[in-house]
Amino acid sequence: MDEEAKRLRNMYQEKKISTAILLQLAFQSLGVVYGDLGTSPLYVFYNTFPRGIDDPEDLIGALSIIIYSLTLIPLVKYVFIVCRANDNGQGGTFALYSLLCRHAKLKAIPNQDRTDEELTTYSSSTFGEQSFAAKTKRWLEGHALMKSTLLILVLIGSCMVIGDGILTPAISVLSAVGGINVRHSQISNEVVVLVAVVILVLLFTMQHHGTDKVGWLFAPIVLLWFLLIGGIGMFNIWKFDRNVLKAFSPLYVYRFFKKGGKDGWTSLGGIMLSITGTEALFADLSHFPVPSIQIAFTCVVFPSLLLAYSGQAAYLMKHSDHVYGAFYHSIPDSIYWPVFVVATAAAVVASQATITATFALVKQALALGCFPRVKVVHTSRKYRHQIYIPEVNWIVMVLCIAVTAGFKNQNQIGNASGTAVCIVMLVTTLLMILVMILVWHCHWVLVLIFTGLSFLMEGTYFSAVLLKVNQGGWVPLVISAAFFIIMYVWHYGTVKRYEIEVHSKVSMAWILGLGPSLGLVRVPGVGLVYTELASGVPRIFSHFITNLPAIHSVVVFVCVKYLPVCTVPEEERFLVKRIGPKDFHMFRCVARYGYKDLHRKDDDFEKKLFDSLFMFLRLESLMEASSDSDVSSLLDQQTKKSGDGQFSTNSDPYSIVDLSIASGDSIVPADSSLGTNNAVISTHQAGSQVEIDEIEFLNNCKDAGVVHILGNTVVRARKNSKFWKKIAIDYLYAFLRKICRGNSVMFNIPHESLLNVGQIFYV
């Protein structure tokens, strides 16, 4: 019943959508989700037969494999199975990882509290102790090696998505622009490459403007593209050879492998490109509900792609020497240039989709502590998912241009793209196996069937792309290896720093022994001490008070914590509690964010924080001096006022405080009678008048000034550490911390209000 109740109160569950709205969303999804998959017909057959077509039977076999690959992988596996494994509507590798972290203790940084599980967006399930899911969960949680292996798999898959974000714009734009010298052979390939590079430069330099103003064009362009390639395909089948339709028989798949030998097996690397964009389909899932994605694919994308590939095959049956630029050769002369323009526009839209997916993935990795701190800019006030990351944008642009200008042909770039896509699919399959067990509680027979079919198809493709590593397939491996080292070293350093801070926490007995003055002069003002600890007093605070003669009258330990959820509602953002006796005037405020949330500007954050503190003190007073009905009355007033979006010391729409009493420094869940509220109070007995005085005291201290205290922590490896650890911590991690954005920049803290406290940790 508890699980069902949680589902009912989940504000992000799928709601009933009218048919008209669903069709409208399906139309809009074409421009965001299917651009990459839709532009594959530009280059698939050339990459499959780079040396030409020797036997028409091979062409029929290749077409048959394309048909069944599109049916089994994008249609059956992704659209109807994988897309259901979304994290409250979010898709992608990190979304699957976050989903698993909520159902098993897999997160490397153990900063979660059980109150986090009461979030409306924190959905998890329970199962019997002897069930297959429970045994799998205990096995994963009991082996640190399995946790590390799972994280490594997620990072590998994420790095390959970044690699695909580099390669897809290169091959899509280069293939589209290649139509220039298909019709005008006197134009050299260098000119085509130059035009492609210019388009790519313009595409990346326009990213900071966002797609808010031109995004409405994407869906009509891609829909027109699908209608054109489907119509041209039908025309070519009718005009050249209708016998290609026999490729729908799986018998020709068997004949292709039987006759082709090693060459046929190698050509699978080109056929693999027909399903590129499938991972982008899942990564861009957050923009639309799953039914709209399914409608768009089954009604428009899937039939158009089948007609497009069949039409090209029909044309090549009569013109086998036109395999290079097969798509453009198959276009009727009367509509050649209009189709060329639409193809180029569709390639740009496809590139934009992969770039957007790359930004979204980096944002998720950043929130989960797996990527160095970079600037994240929201380019639209209306759409939260439209973001821009300058550092990533320029790195991807340079690498994309280098790949385009370096290879200068579709074949090698296609080999590289196929390698990246295949590895991402394998990682998704491995994560989906755990999702089916831990989240969906599927019977082991269904899990076995899914695993066997997925590995059979994707393993076959993977063995083929490995044969092309020396023909361009090495590119995503090198790019992904570089990003993997950066992400893993950053995560490793972050975990080590968190562990040492946990182990070096200051005991409450030592704090209490200092007395209300903390052994110092308490000067008017509020000190916000930023820490990664969600409980306990950080070591940096003891370092601060032992080296300075004074401390602020009010001290608030602020912990900005990211949880494995897509978003945390604003009204559930803060957890507030007291540390020590009242006359110490010490508090803790934990600000919780999901991987899709953005830590906004400091003045806004600071105001919400103080509103939470004032609400905490008022509710604390009511707990001690008033009845439950009075408390409920205040909460009702707060809820009504929060609808107006007003901020005051009498209401706070951003922090609803749980009326539960805690002792010491632990966070405990609210009593069931008041479990709808979402922050926690820890109190000591005092009168109502004293509480009012404390509110006035806090107000006066706030007016006196607020100082942000940040720890400038330096992490170094011990002298007796292993060589690889010294390299990772002392050089790579130190270098990344030096070049990435500091905490003061990430929190937008004014320089005049900033106080840095330095310390060195040896790990």
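**Close-up views of the predicted model**

**View 1. Helices α5 and α12 lie oblique to each other.** The model shown here and in the other views is predicted. Two packed helices are described by the angle between their axes and the distance between the axes. For α5 (residues 56-79) and α12 (residues 251-266), the angle is about 125 degrees and the axes are 8 Å apart. An angle of about 125 degrees falls outside the 65 to 115 range of roughly perpendicular pairs and is not over 145, so the pair counts as oblique. The crossing of α5 past α12 is left-handed. On the α5 side, the contact is formed by Glu57, Asp58, Ile60, Gly61, Ala62, Ser64, Ile65 and Tyr68. On the α12 side, Tyr252, Val253, Arg255, Phe256, Phe257 and Lys259 take part. Sorted by class, this contact of α5 with α12 holds eight nonpolar, two polar and four charged residues.

**View 2. Helices α8 and α10 meet through nonpolar residues.** Helix α8 spans residues 144-177 and helix α10 spans residues 189-205. Their axes come within 9 Å and cross at roughly 130 degrees, which makes α8 oblique to α10. The crossing of α8 past α10 is right-handed. From α8, the residues in contact are Pro169, Ala170, Val173, Leu174 and Val177. From α10, they are Val192, Val193, Val195, Ala196, Ile199 and Leu200. Of the residues in this contact of α8 with α10, eleven are nonpolar, with no polar and no charged ones.

**View 3. Ser351 is a buried residue of helix α17.** This helix covers residues 336-367. Ser351 counts as buried because its relative accessibility is 0%, and the cut-off for buried is under 20%. Leaving aside residues up to four places away in sequence, Ser351 touches Thr168, Pro169, Ser172, Val173 and Leu203. Among these, Pro169 and Val173 also belong to the α8 side of the contact with α10.

**View 4. Asn409 sits in the loop between α18 and α19.** Helix α18 covers 390-407, and helix α19 covers 410-438. Asn409 counts as partly exposed, with a relative accessibility of 24%. The C-alpha atom of Asn409 is separated by 9.9 Å from that of Val192, although their positions lie 217 residues apart in the count along the chain. Val192 is one of the α10 residues in contact with α8.

**View 5. Cys83 occupies the loop between α5 and α6.** Helix α6 covers 93-103. Cys83 is buried, and its relative accessible area is 0%. Its contacts, not counting residues up to four places away in sequence, are Tyr78, Leu281, Phe282, Leu285 and Val290. Phe282 and Cys83 are 199 residues apart along the chain, with their C-alpha atoms separated by 6.3 Å.

**View 6. Cys101 has no disulfide partner within bonding distance.** Which cysteine holds the sulfur closest to that of Cys101? That sulfur is in Cys370, at 9.3 Å. A disulfide needs two cysteine sulfur atoms within 2.5 Å, so the sulfur in Cys370 is too far for a bond with Cys101. Cys101 counts as buried, with 5% relative accessibility. The structure as a whole holds zero disulfides.

Note on methods
Residues are numbered from 1 along each chain as its sequence is written. This is a predicted model: local features need pLDDT of at least 70, side-chain atom pairs count only at pLDDT 80 or more; totals for chains, interfaces and linings use all residues. Side-chain values use heavy atoms; hydrogens and water are left out. Buried means under 20% relative accessible area, exposed over 50%, partly exposed in between (1.4 Å probe, protein chains only). Axes are lines fitted to C-alpha atoms, for helices over the stretch in contact, and angles run from 0 to 180 degrees between N-to-C directions. Helices (H or I, at least four residues) and strands (E, at least two) are DSSP runs, numbered from the N terminus. Angles under 35 degrees count as roughly parallel, over 145 as roughly antiparallel, 65 to 115 as roughly perpendicular and the rest as oblique. A crossing is left-handed if the near helix is turned anticlockwise from the far one by less than a right angle, and right-handed if clockwise. Contact means heavy atoms within 4.5 Å. Ala, Val, Leu, Ile, Met, Phe, Trp, Tyr, Cys and Pro count as nonpolar, Asp, Glu, Lys and Arg as charged, and the others, Gly among them, as polar.
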